[in-house]
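Reader: I would ask for a close look at one stretch of this model, beginning at the end of a helix and following the chain and its contacts from there. Please define the terms as they arise.

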Amino acid sequence: MLKRVSDKSTFSWLILSVLTLFLLFSCGNNVDSTRDYLVFRYNEHKNIGSLDPAFAKDNADIWAINQLFNGLVQMDENLNVHPCIAKDWTISEDALTYTFSLRNDVSFHKHERFGKDSTRTVSAYDFEYSFNRLLDKKVASPGRWTLNKVEAFKAINDTVFQIKLQQPFPAFLGLLTMKYCSVVPKEITEYYSSNFRAHPIGTGPFQFKRWEENLKLVLRRNNHYFETDTDGKQLPYLESVAITFLPDKQSEFLQFAQGNIDFVSGLDASYKDEILNASGSLRDKYSEDVNMIRGPYLNTEYLGFFMDSKIPEMQSQTLRQAVNYGFDKQKMMIYLRNGIGIPAYGGFIPKGLPGYDESIGFTFQPEKAKQLVQQFKSETGISNPEITITTTSNYLSFCEYIQRELQIIGITVNVDVIPPATLKDAKANGKLDMFRASWVADYPDAENYLSLYSSKNFAPNGPNYTHFQSEQFDTWYQEAFTITETKEREALYTKMDSLVMSQTPVVPLFYDEVVRFTRKNVSGLGINPINLLDLKRVKKSTQK
């Protein structure tokens, strides 16, 4: 609920806001203003907490850290793993040992602590140090879990780094692309200790210049960066990156509309109807100046049934199927998301990830749904089936839409709105019969999604919030770890997803999409299913 404030306080707030905007963007225009086309500007409304890759947990931090640091490997926009500081690698026949050969032309950003040359070449021993730092309990990195399946790692020599796993894990290379696994220099991290968060020294395409917390972050081109484009030209193309921290998306969009920033990510309720029509296309007033880029995002939004519930409606596969058939997901996306997002007619694995199959889910079939409701009534003697969906306020409109649609097929739906923290705790502890949730990939492999249905992962000790259980699924899940042939593993993932959907522990609602808006003079930004911001190939023309 909005709180009423006095006219005097409102006026003061407006004056403060105007002054803040003036200072931010007048300062921004002083960053190499004569070469403005070489400066890429964006706003980070969630602010940035750390520039230390060991703490690259949130997108806001990850985006900035990705410009500053590199790891052994990197991922392209199609989720294929490519060399980065490691020029190539081999995997042993038992799939347990990964041996990486490193480039010998990668240097850290300049810093006086390196001594005479102010820099030095990255070696395998830097990766050994960086991985040990990631595991160090004193550092307390939220990313130490990325090495949970690692038995040992060591530098063989300056250019060879070896990792041994406890068990085969085909998704491991994808895991190594996470920014947690970036290389950092020992002499700099130990010099700054916890304050390395604000004095980052990496190997990335841009280097740290200035950070005025809550106001502005400036990165400058790394003139010694090791990667080149397909024509052999050194990356990056831009001279600098300027990031501001206006705290709300509406102000951010206003600055974008006025040409003060080059890029906006995501579709916020405060401006979605301003920039897009109901079908998800740009409105005419923006189509000449703005490009919209959209593509699959590794996020599945869903309703979950608690399979251990004592309530007959939750126990009944017949009624769970009726819910899956009973509402129009396409219409839901048009009315509630301006067409942004892909109706989930497949399984739990989202579109854009190998293993996805659009044929294994449920389409909108209202007559079939009504028949299933009647069948449930006959089987149980319950004349008025009733369910309760628990959600947060952000997703109330979706649940109310589903409520109206399911009432048409004969199911009474209650919607219970609770705070996010309360829902998270109740979901983990089996206190909710039916809940709205989402799953965003920790790493880009379908195993990450299917882990929600392994019986070994029952919440609260794992992410199996529905308490789905199947011996066949568990057998396949363990088998998947032993398959190193990519296509064979993907086919098994699809079989596993199909098995889950046949037993209906969830109702997939939609697969999210990444949406990006840029000025017309920006090119090379691209898009990817993990929504990573990569600026090393971005160009800005002089055209406004």
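Which residue, just after helix 14, takes a positive phi, and of about how many degrees?

Author: The residue is G430, whose phi, just after helix 14, is about 65°. Residues are numbered from 1 along each chain as its sequence is written. The model is a predicted one, in which local features need pLDDT of at least 70, side-chain atom pairs count only at pLDDT 80 or more, and totals for chains, interfaces and linings use all residues, while side-chain values use heavy atoms and leave out hydrogens and water. The average pLDDT (the predictor's confidence in each residue, from 0 to 100) is 91 for the protein, and 93% of the residues score at least 70. Residues 1–34 have a pLDDT below 50, and in the model this stretch has 24 contacts beyond near neighbours in sequence. Where pLDDT is low, the predicted coordinates should not be read in detail.

Helix 14 spans residues 420–428; helices (H or I, at least four residues) and strands (E, at least two) are DSSP runs numbered from the N terminus. L423, A426, K427 and A428 are the buried residues of helix 14, where buried means under 20% relative accessible area, exposed over 50%, and partly exposed in between (1.4 Å probe, protein chains only). They pack against strand 14 (386–391) and strand 16 (434–440), contact being defined as heavy atoms within 4.5 Å.

From A428 the view passes to A459, since A428 is one of the residues in contact with A459 beyond four places in sequence. The others are N464, Y465 and H467. A459 also comes within 6.5 Å of N429, C-alpha to C-alpha, although 30 residues separate the two along the chain. A459 belongs to the loop between helix 15 and helix 16 and is buried, with a relative accessible area of 7%. In that loop a cis peptide bond, with omega about 10°, joins A459 to P460, and P460 lies in the loop between helix 15 and helix 16 as well. A cis bond also joins L235 and P236, with omega about -5°; P236 is found in the loop between strand 9 (216–221) and strand 10 (240–244).

After this loop comes helix 16, residues 471–480, whose buried residues are F473, D474, W476, Y477 and A480. Viewed down the helix axis, these residues fall within an arc of 165° (taken from the directions from the axis to the C-beta atoms), so they line one face of helix 16. An α-helix has 3.6 residues a turn, so residues three or four places apart point the same way. The buried residues of helix 16 pack against helix 15 (447–450) and helix 17 (486–503).

Helix 17 leads to the second largest pocket, as the element that gives the most to its lining, with four residues. A pocket is an open set of points on a 1 Å grid over the protein atoms alone, with protein on both sides within 12 Å along at least five of seven lines, and lining residues have an atom within 4 Å of a point. The second largest pocket has a volume of about 560 Å³; volume here is the space filled by probe spheres set on the points, which are joined across faces, edges and corners. Its lining has 25 residues, of which V81, P170, D445, T486 and R489 are the closest to the centre. Helix 4 (172–176) and helix 17 are the elements that give two or more residues to this lining.

Beyond helix 17, T504 lies in the loop leading to strand 17 (506–519). Its phi is positive, near 50°, in a residue other than glycine, and T504 is buried, with a relative accessible area of 0%. S118 is also a residue other than glycine with a positive phi, of about 65°, but S118 counts as partly exposed at 23% relative accessibility. S118 is placed in the loop between strand 5 (97–102) and helix 3 (124–135).

Finally, L298 of strand 12 (residues 290–305) relates to several parts of this region. L298 is buried at 2% relative accessibility, and its contacts beyond four places in sequence include W439, V440, A441, P444 and Y449, as well as L79, P529 and I530. The C-alpha atoms of L298 and E513 are 8.0 Å apart, with their positions 215 residues apart in sequence.

Conventions: 1 Å grid on protein atoms, 1.4 Å probe; cavity = no way out; pocket = protein on both sides within 12 Å on 5 of 7 lines; lining within 4 Å.
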